[in-house]
Amino acid sequence: MKNMSIKMMAGAVALCFAAGSVWAAKVPAGTQLHAKQELVRNNGSEPETLDPAVAESVGANNLTRDLFEGLTATDSVGKVVPGVAESWKQVDPTTWVFKLRKNAKWSNGDNVVAGDFVYGMQRFVDPKTASPYASTYGIFIANGQEIVDGKKAPSELGVKAIDQYTLEIKTPYPVGFMPDLMSNLNLGPIHKATVEKFGKEWTKPGNMVSNGAFVLKDWQVNNKVVLEKNPQYWDKANVQLTKVTYLPIEDGNADVKLYQSGENDWVYQLPPGTFDKFKTELPKEIKNGTMLGLRYYSYNNTDPLLKDVRVRKALSMVIDRDILGQKITADGQAPAYSVIVKGVAGADAGVYDWSTWPMDKRVAEAKKLMAAAGVQPGTKIKFSYNNSEYHKKMAVFVASEWRTKLGVEMDMEAMEFKALLKKRHDGEFQIARNGWVADYNDATTFLTLVQCGSDQNDNKNCNKKADELILKGNQSLNPAERKKLFTQAAAMIMQDYPMIPLLQYTLPRLVKPYVGGYSTMNPMDRFRSKDLYIIKH
Amino acid sequence: MWSYTLRRILSAIPTLWVAVTVCYVLVRITPGGPFDGERKLSAAVLANLQAKYHLDWPWYKQYFSYLNNLLHGDLGASFRFADWSVNDLVANALPVSLTIGGISILLALLLGVSAGIVAALRQNSWVDYLLMFKISVGSTVPSFVIGPILILFFAIWWTMLPAGGWNDFGAKYMVLPIALLTIINMATTGRVMRGSLIEVLNSNFIRTARAKGLSTRTIVLRHALKPALIPVASAIGPMAISSITAAVVTEHVFSLPGLGKLITTAASNRDYTLILGLVVLVTVLAVLVNLLVDLLYAWLDPRIRY
């Protein structure tokens with residue numbers, strides 16, 4: 001059975017490889033390219049760093065994805081494709097072997113070798129690096145968590161260069177999605193000599209040595225980051241763009257104005273309430289893809305009122321997610337009824353049986369539950385959210401649902417984002433606005449939101465039986481069985497109503513029609529500029 | 001004069017210390033820290049980050065270490081922008097804000113004073129009403145309204161100028177932000193100049209000058225202008241300081257990489273060192289601007305001696 005599973009995985013890997021070769025930076029036949037292959041895209045915020053080991057935000061990772069290349073990568077539709085590694089294999093349940101291509105080079109001409117990955121990963125989990133993601137990904141490599149905790153030395157990390165072009169990674173338990181995980185640049189290679197030579201300054205233009213399709217040309221904080229095509233890149237023949245300028249515009253309105261005046265080809269995300277307008281005005285430029293992200297409200301499961309599952313269930317039941325998605329947020333988001341979102345690998349998104357009931361029936365049932373729990377109409381519940389028109393609109397709608405359908409009053413408490421995060425993490429709330437975007441395409445990234453004792457579990461719920469299923473799933477070598485166990489566990493947890501899943505994220509944005517290679521089928525919203533090109537216009 | 005200047009600079013030191021200390025306490029007691037994110041960090045990762053930025057030290061050690069570094073001109077490492085020191089960030093943003101703010105204040109003075117003079121000389125005429133109406137638009141309509149209107153006209157409809165951004169001091173990128181700040185600042189100088197000049201023109205020494213048969217031009221330029229400018233000079237200090245706060249909106253609207261943008265980024269990220277660094281900078285600028293204004297007083301009114 002074990003061998004068969006490994007063979008199945010190897011087959012899947014081969015398929016991925018084949019798929020990857022089809023998708024890698026190919027311009028469709030007949031497409032006429034523009035003479036000037038330069039793209040300006042808004043990145044949503046100023047990157048906190050260009051050091052891939054420390055990068056945390058979406059914006060920083062967008063940049064490191066262009067500047068560096070990991071063992072694998074994801075293409076414009078989110079499929080895992082070869083990066084520096086040409087092939088990979090799970091040789092035993094807890095060992096992966098990656099074969100590196102011999103023509104991969106650093107921007108200074110040095111060869112990219114297995115030792116660069118060993119150094120990169122050891123540096124990533126080293127407490128001295130203090131990477132915010134160290135334990136998120138560190139747990140998937142043998143001794144990773146122990147090193148982050150300071151209990152073992154970075155040299156004890158389960159990653160080894162078998163030879164210059166063969167890398168072995170040991171995992172603490174079977175990690176079937178390792179190829180997907182390795183597309184994250186936190187786990188990518190680092191040019192040791194450059195870091196040692198320049199120290200903290202190694203990420204500055206002129207100092208940085210990178211191995212991606214682009215090199216760093218200019219970085220002006222809060223203004224722009226300019227990348228240029230890397231002449232040393234192994235696949236340079238398939239890289240069309242010669243220059244990519246990333247803007248750090250946070251304000252959606254300013255972003256759109258730059259787009260309308262022709263200074264920006266790619267709006268990061270449309271301001272709330274503008275999706276319908278642009279859908280009508282610029283139908284060829286509006287893009288909206290579903291993302292692996294969940295909008296939800298966290299219950300404080302330790303709160304005296306919300307400890308009762310009947311109250312949690314009743315509050316969840318009466319929210320009309322269809323109206324919320326279609327009329328309130330109005331940007332194409334689909335209703336969500338589970339912690340697992342649609343499209344994520346490794347588990348199926350479940351739904352509550354009542355989700356198909358007519359609202360009258362749901363309200364009647366919810367009222368019964370509230371009465372049985374002894375909750376009187378007029379009861380007040382404090383709802384904490386961060387200052388944002390978007391979240392306020394959602395909160396006002398939900399408050400109205402609870403007031404009109406159950407007689408429950410919502411005491412809305414708006415605050416700054418950082419203040420909300422602190423309250424949420426400290427458990428000082430009754431119900432709080434929450435959200436999660438997948439770190440990697442596997443169900444486990446979402447399950448961390450509801451697992452016992454998880455750092456990400458703001459709800460403070462715990463279902464030990466479900467946790468056992470997750471543990472069992474993590475140990476499983478059979479992808480189908482693993483998926484079944486995770487799906488069962490998620491369904492079991494959701495019957496406890498630890499949180500209120502509301503909507504699955506979408507990414508409404510404007511992209512100029514001449515930007516080729518853009519896809520709305522990229523669920524992680526991870527685009528490499530390598531896959532993009534400018535069509536003649 | 002030199003001893004006065006030196007005394008003013010020395011007296012700024014306790015002001016700076018109080019500003020830094022009060023801000024230091026405020027940022028530390030504000031809920032939410034620099035490492036609070038959607039993804040809660042594990043205890044070990046948080047401890048590693050705190051150790052990296054010395055947040056695991058006792059508060060007094062952190063505070064005195066900060067002051068010691070400050071005395072050596074080191075504003076510390078940014079908590080948010082891991083690759084940059086606060087000195088770097090401020091040094092990058094300051095020229096942008098100084099350029100935009102400085103040019104707009106000069107223009108506002110020039111245009112505001114001129115408009116104020118014309119309005120005062122044509123008091124209660126249609127010219128006066130028209131100028132004061134235009135000026136009052138600048139003072140009453142918020143900059144976050146005027147800014148997008150400018151963008152709509154000049155960048156989107158007529159595509160004459162960029163909607164925002166900053167291209168290495170490229171002139172066309174500066175036009176709209178400078179125009180916005182000028183409109184705001186001009187309102188103050190224009191109103192103050194008009195009122196002040198009307199008051200001076202009604203004073204006894206001007207009446208005497210008129211009785212002597214001097215022309216209006218001579219009266220205004222030689223006798224009335226200097227004393228009438230004293231209240232305008234008083235307004236320069238607050239105007240210069242408020243230009244920094246106005247820059248928060250202006251830089252936001254036009255996506256400029258100046259101090260205003262940095263202030264909002266620092267505050268929302270709880271970037272302690274960056275917030276403190278900007279407080280130090282703004283305090284120093286305030287002291288300098290007020291000193292310059294005081295020296296200007298002495299030039300405008302020889303009776304003022306220090």
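**Exercise 1. Is N222(A) buried or exposed, and where in chain A is its place?**

Solution. The model is a predicted one.
Step 1: The relative accessibility of N222(A) is 2%.
Step 2: A residue counts as buried under 20% relative accessible area, so N222(A) is classed as buried.
Step 3: In the sequence, N222(A) belongs to the loop between β8 (214-220) and β9 (224-229) of chain A.
Step 4: Most residues other than glycine have a negative phi. N222(A), although not a glycine, has a positive phi of about 65 degrees.

**Exercise 2. Carry out the corresponding analysis for A130(A): which loop holds the residue, and what is its phi?**

Solution.
Step 1: The loop that contains A130(A) runs between α3 (114-125) and α4 (134-138) of chain A.
Step 2: The phi of A130(A) is positive, at about 50 degrees, and the residue is not a glycine.
Step 3: With a relative accessible area of 2%, A130(A) is buried.

**Exercise 3. Determine how the radius of gyration of chain A relates to that of a compact globule, and describe the extent of the chain.**

Solution.
Step 1: Chain A has 537 residues, and for that number a compact globule would have a radius of gyration near 24 Å.
Step 2: The value for chain A is 24 Å, which agrees with the globule rule.
Step 3: Along the principal axes, the C-alpha trace of chain A spans about 70 × 55 × 40 Å.
Step 4: Of the 537 residues in chain A, 62% are buried.
Step 5: Among contacts in chain A with a separation of 6 or more, 69% involve residues 24 or more positions apart.

**Exercise 4. How many helices and strands does chain A have, and which domain does UniProt place in this chain?**

Solution.
Step 1: Chain A contains 17 helices and 18 strands.
Step 2: An unreviewed UniProt entry gives "domain: Solute-binding protein family" for residues 79-455 of chain A.
Step 3: Over residues 79-455 of chain A, the chain is 30% helix and 22% strand. The end C-alpha atoms of this span are 29 Å apart.

**Exercise 5. Describe the secondary structure of chain B, and state which residues UniProt lists as "transmembrane region".**

Solution.
Step 1: Chain B has eleven helices and zero strands. Its pattern along the sequence is α-α-α-α-α-α-α-α-α-α-α.
Step 2: The C-alpha atoms of chain B occupy a box of roughly 85 × 55 × 30 Å along the principal axes.
Step 3: Under "transmembrane region", the unreviewed UniProt entry lists residues 9-27, 98-121, 133-158, 170-188, 228-254 and 274-300 of chain B.
Step 4: One of these spans, residues 9-27 of chain B, is 100% helix and 0% strand, and its end C-alpha atoms lie 27 Å apart.
Step 5: Another, residues 170-188 of chain B, is 95% helix and 0% strand, with end C-alpha atoms 28 Å apart.

**Exercise 6. Set out the burial, contacts, surface and charges of chain B, and then the surface and charges of chain A.**

Solution.
Step 1: In chain B, 49% of the 306 residues count as buried.
Step 2: Of the contacts in chain B between residues at least 6 apart in sequence, 72% join residues at least 24 apart.
Step 3: Chain B exposes about 14900 Å², and carbon and sulfur atoms supply 69% of that area. For chain A the accessible surface is about 20100 Å², of which 53% belongs to carbon and sulfur atoms.
Step 4: The 23 positive and 13 negative side chains of chain B have centres 14 Å apart. In chain A, the mean positions of the 68 positive and 59 negative charges are 3 Å apart.

Notes:
Residues are numbered from 1 along each chain as its sequence is written. Chains are lettered from A and ligands numbered from 1 in the order in which they are written. This is a predicted model: local features need pLDDT of at least 70, side-chain atom pairs count only at pLDDT 80 or more; totals for chains, interfaces and linings use all residues. Side-chain values use heavy atoms; hydrogens and water are left out. Helices (H or I, at least four residues) and strands (E, at least two) are DSSP runs, numbered from the N terminus. The radius of gyration is taken over C-alpha atoms; the globule rule is 2.2 Å times the number of residues to the power 0.38. Buried means under 20% relative accessible area, exposed over 50%, partly exposed in between (1.4 Å probe, protein chains only). Contact means heavy atoms within 4.5 Å. Accessible areas come from the Shrake-Rupley method with a 1.4 Å probe; for residues, only the protein chains shown count as cover. Lys and Arg count as positive and Asp and Glu as negative; His and the chain ends are not counted. The place of a charge is taken as NZ of Lys, CZ of Arg, CG of Asp or CD of Glu. UniProt positions are given in the numbering used here, feature names are shortened, and annotations may be inferred rather than shown by experiment.
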